Amino acid sequence: MIVPQLTCRALLNVHLRKNMSRPSSDLAAFREIFSKSKSVAVLTGAGVSAESGVPTFRGEGGYWRKWQAQDLATPEAFSRNPSRVWEFYHYRRELMLTKEPNAAHLAIAECEQRLAEQGRSLTVITQNIDELHRRAGSKNLLEIHGSLFKTRCMTCSHEAANYQSPICAALQGKGAPDPDTDEELIPVHHLPRCEQPGCDGLLRPAVVWFGESLNSDVLQEAETVLDKCDLCLVIGTSSVVYPAAMFAPQVAARGVPVAEFNMEDTPATRSFTFHFHGPCGTILPPALSRHLSEPNLNQTKYI
């Protein structure tokens, strides 16, 4: 069960104090557990998409013009300057149309398909809004922070997929990230508008902004997946964004093996069973490849 956000930091600290030993990096031991798992939960963050060239807009150098994501991805920022926020998201949408899933995305999607053929399951719970998991072929996918390619109407709340490029005529060629770029101040009535009959309300990106709650239905689905999993993978996530940062530690707290794949340690690393250091696209494919004990259902059988 996912605990309320107000208490999750304290619970994480208590759990970490009880588990101070260094997690294992024994790949063979991980793969033995993996080969027997029936229900795998995969939690992914920005690190899994970094190798596709997707900027995170976090940390040093993580700016669009002179702003970081937390300056723009808020309801207040959108209310004050919807033109600026839409320029930022238009830039990200157009950039993502030039990117492709990397080896980590593909390994996860292939693994999901292979396990499904064996009557096993793998579900991806991602904080990413780039849809690279979807494009890689993942089917059991929960995008807990929404998608760059969905919009929601501020008037009627209608939500829909939108892959138009540009999303509206006024944003054509706009959104350059250079800090010297002049701001456009596009009139609100020229920004993306709802096409539902009789509405014409202002659209916003259907993503979870800072200060907003996760979609309760998606969160409930994630809780169900995490409650029933017998193996959890944490891939390319910093484990600092709540409530997602508590998902894997809570799974570990009930004795389920958790394996972290990341370029660096995180605040939750020592609560996990395994930690594998390196680029996700390099270390993940061999970890998720077919185990010798797995049946190869694609092989032709001869009598």
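1. Start with helix H9 and the side of it that looks outward. In this predicted model, the face of H9 turned away from its buried side carries three exposed residues: Ser 216, Asp 217 and Lys 228. The helix covers residues 216–228, which makes 13 residues. From first C-alpha to last it reaches 19 Å, close to the 18 Å expected at 1.5 Å a residue.

2. Now turn H9 around. Its buried residues are Val 218, Ala 222, Glu 223, Val 225 and Leu 226. Looking down the axis of H9, these buried residues fall within an arc of 165 degrees, so they line one face of the helix. The general rule behind this sort of pattern is that an α-helix has 3.6 residues a turn, so residues three or four places apart point the same way.

3. What do the buried residues of H9 pack against? Three strands and a helix: E1 (39–44), E2 (121–126), E3 (141–143) and helix H10 (247–253). Have a look at the start of H9 too, where a side-chain oxygen of Asn 215 comes to within 2.9 Å of the backbone nitrogen of Asp 217.

4. Asn 215 and Val 218 turn up again at the second largest pocket, as two of the residues nearest its centre, along with Glu 143, Gly 146 and Glu 159. That pocket has a volume of about 340 Å³, and 20 residues line it. Strands E3, E4 (146–153) and E6 (203–207) each supply at least two residues of the lining. E4 gives the most, with 4 residues.

5. On to the enclosed space. The structure holds 1 cavity of 30 Å³ or more, and the largest cavity has a volume of about 80 Å³. It is lined by 13 residues, and those closest to its centre are Leu 43, Gln 127, Val 234, Thr 237 and Ala 244. H10, one of the elements that the buried residues of H9 pack against, gives the most to this lining, with 3 residues.

6. Arg 120 is worth a stop. Is this arginine buried or exposed? Arg 120 is buried, with a relative accessible area of 9%, and it lies in the loop between helix H7 (103–117) and E2. Its side chain reaches two backbone oxygens: that of Phe 34 at 2.6 Å and that of Ser 37 at 2.7 Å. Leaving out residues up to four places away in sequence, Arg 120 touches Phe 34, Ser 35, Lys 36, Ser 37, Lys 38, Leu 115 and Glu 294. Check Val 40 as well: it sits 80 residues from Arg 120 along the chain, yet their C-alpha atoms are separated by 8.2 Å.

7. His 133 is another buried residue, with a relative accessible area of 2%. It lies in helix H8, which runs over residues 132–136. Setting aside neighbours within four places in sequence, His 133 is in contact with Thr 44, Val 48, His 105, Ile 108, Val 124, Thr 126, Ser 138 and Leu 141.

8. Last, helix H6 (residues 82–96). How many of its 15 residues are buried? The count is 13, so H6 is largely enclosed by the rest of the structure. Its length also checks out: at 1.5 Å a residue the helix should span 21 Å, and its end C-alpha atoms are 21 Å apart.

Note on methods
Residues are numbered from 1 along each chain as its sequence is written. This is a predicted model: local features need pLDDT of at least 70, side-chain atom pairs count only at pLDDT 80 or more; totals for chains, interfaces and linings use all residues. Side-chain values use heavy atoms; hydrogens and water are left out. The expected span of a helix is 1.5 Å times one less than its number of residues. Buried means under 20% relative accessible area, exposed over 50%, partly exposed in between (1.4 Å probe, protein chains only). The arc is that of the directions from the helix axis to the C-beta atoms. Contact means heavy atoms within 4.5 Å. A polar contact is a pair of N or O atoms within 3.5 Å; within protein, one must be able to donate a hydrogen and the other to accept it, and residues adjacent in sequence count only if both atoms are side-chain atoms. On a 1 Å grid over the protein atoms alone, a cavity is a set of points where a 1.4 Å probe fits but cannot get out, and a pocket is an open set with protein on both sides within 12 Å along at least five of seven lines; lining residues have an atom within 4 Å of a point. Grid points are joined across faces, edges and corners, and a volume is the space filled by probe spheres set on the points.
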